[in-house]
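Could you walk me through this structure in plain words? I have not seen it before and would like to know where to look.

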Amino acid sequence: MLSRSIFNRFFKHILVLGLYTLINACGGGGGGDSGGSNDTKSPTLTISKTSLSFNSALGLTNPPEQTLIASLSNADSLNGDVYVKITAPDERFFDANASISGSQGAITVGMTTADDAGVGVHKSQFEVHVCLDYSCNKEVKGSPKIIAVTYTVDKPSVTFEEKQILFNTKQGDRPSANNLFVYFSSTPVSEQSSNASYDGLYFKVTYQGTIQDWLKISMNDYSHMNIAVTKSLAPGVYKAEMELQTSVPLYKSVKVPIIYTVSAGDIAIDRPDVVFNITDNSDPAALYTTIHATSLTSAKIDWEITSDQNWLSTETSNITTEKADIKFNLNKNAAFLKNGQHHAMVTISNKNDRSIFYLASVTLNADLIQFDYITPYFGYTANTQKIYATGQGFNKLAGRKLKFNQTEITNYQVISDTKLSFTPPQLPTGSYNLSIAGDAENLFSKASYTIIEPETYQNKTIAFPSEEYMTDVI
């Protein structure tokens, strides 16, 4: 251990030569021993570490400094001062200074800012020389010490406060949605004057296993994300991974695991998720389907079925206190839906105890030729003038027959994808819906045409006014 007098002489020169300034050349050098002929009694330099690693990201403050502890054994054998020099490359991303902390000598190393260094893994080194003369022609044993420095600078990430997202529920129920705050781990200097980073947020979800698309994710605003479970699933553990990204290249994406745990419920159904796929060629049978519900409790069930959407009707059959068949029907209110995906939730419950329930999700995927309205919307029984239908997808008709209720129409002309014309058939008075013959699309048509009788007037003789009346008028 250093004596107090030698310790001060030793570290005095670190302070003078190493404080905030690195000497870039050292004469002589080498690791040879000196200060005595007996190696076991020669002054020997030791340093606590020979490598330092620092980590940061763009936009963050400098990473914490790190300190090396230096010591010189057998210092009492020295006859004079020792000199300490620290050498490093001119182009570097770090700085070092020496100080005395209590009875220890220390070399403190600090990094430049991450934005100045740039993204990447930066590597360099510096040397600590303890010399017996100012020109450093002779060094103590163990000198120089080479210290490797690694500075890893990463892109900042888009992330949440949660490391993972957990959903837990029983079969037939839905867990509450998670409303998460989205933030950036840091903001690069080049982005600090702009909020454009939030504008480019987007995400993708990867599901594990065969069960897919049980999540709905949306951005409520620039900094909040809503994550909800949309499907009733059988008991088990379901996993997905959401990757949140930004279009700003200075940011890196983050992946967050999502785990959905479903325990056994009170009611089971044979099809947890009902899907209607209605296209141009759908058969009318595609407008309904039946599921089978079974009680998993000892309670006697008085079945109650309700839908949260007016375009979906339900009927029950084969009812017992333990089982029921439930028919789902698309009804005429579906005519007011646009092409695309629509969702409904059906609650299957016990009237006598509504804590026993099941939430069945229903999805309607509609991709149809749609008829919205007809102009003029009425005509006479003997009308021979053309009328016009407006809607979408008319270019896909390709000569297919249309119908007014059950009467076929073949003499139509497609003007554009959204407009066609035809002469209405001679039909009795009444209201007629326009649809495609033989398909389920008539349920989705809002275009109706009303046929009325034309006005008729009877001839009648009117008496000529009397002379007196005419005189009074004049």
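Here is a friendly tour, one topic at a time.

Please keep in mind that this is a predicted model. A good place to begin is with strand β8, residues 145-154. Strand β2 (residues 51-57) pairs with β8 in the parallel sense, over 7 bridges. To find this pairing on screen, look for S53, which stands opposite T150 in β8. Strand β8 also pairs with β7 (residues 120-131), this time in the antiparallel sense and over 9 bridges. Here G120 is your landmark, standing opposite V153 in β8. As you look at strands like these, a general point may help: in a regular strand the side chains alternate between the two faces of the sheet.

Now move to the loop between β7 and β8, where P144 lies. The peptide bond joining S143 and P144 is cis, with omega about 5 degrees. Close by in the numbering there is another thing to find: C131 and C136 form a disulfide. In general, a disulfide is a covalent bond between the sulfur atoms of two cysteines. In this model the two sulfur atoms are 1.8 Å apart, and the count of disulfides comes to 1. Are these cysteines, C131 and C136, buried or exposed? Both C131 and C136 are buried.

Next come the salt bridges, of which the whole structure has 6. One of them joins D266 and K170, with the closest N and O atoms 2.9 Å apart. This pair links distant parts of the chain, since D266 is in the loop between β16 and β17 while K170 is in strand β10, 96 residues apart. D266 counts as buried because its relative accessibility is 18%, under the 20% cut-off. K170, with a relative accessible area of 23%, is partly exposed.

A second example brings together the side chains of E243 and K204, at 3.7 Å from N to O. E243 belongs to strand β15 and K204 to strand β12, 39 residues apart. Again the partners can be described by their accessibility: E243 is buried at 11%, and K204 is partly exposed at 46%.

The side chains of D372 and K446 also meet in a salt bridge, at 3.2 Å from N to O. D372 lies in strand β25 and K446 in the loop between β32 and β33, so the pair ties together parts that are 74 residues apart in sequence. D372 counts as partly exposed at 27%, and K446 is partly exposed at 32%.

From β25 you can carry on into the loop between β25 and β26, which holds P376. The peptide bond from T375 to P376 is cis, with omega near -15 degrees. Y377 is found in this loop too. Y377 is exposed, with a relative accessible area of 59%. Together with F378, Y380 and I452, Y377 makes a nonpolar surface patch of about 400 Å².

Two backbone details round off the tour. D213, in the loop between β12 and β13, has a positive phi of about 55 degrees although it is not a glycine. D213 is exposed, at a relative accessible area of 53%. A398 lies in the loop between β27 and β28, and its phi is near 50 degrees, again a positive value in a residue other than glycine. With 73% relative accessibility, A398 counts as exposed.

Notes:
Residues numbered from 1 in each chain as written. Predicted model: local features only at pLDDT ≥ 70, side-chain atom pairs only at ≥ 80, totals over all residues. Heavy atoms only, no water. Disulfide = S-S within 2.5 Å. Buried < 20%, exposed > 50% of the residue type's maximum accessible area, 1.4 Å probe, protein only. Pairing = 2+ DSSP bridges. Helix = DSSP H or I, 4+ residues; strand = E, 2+ residues; numbered from the N terminus. Patch = residues over 30% accessible without salt bridge, like charges linked within 9 Å, V, L, I, M, F, W, Y side chains within 5 Å. Areas by Shrake-Rupley, 256 points an atom, 1.4 Å probe, with all protein chains shown as cover. Salt bridge = Lys/Arg side-chain N within 4 Å of Asp/Glu carboxyl O.
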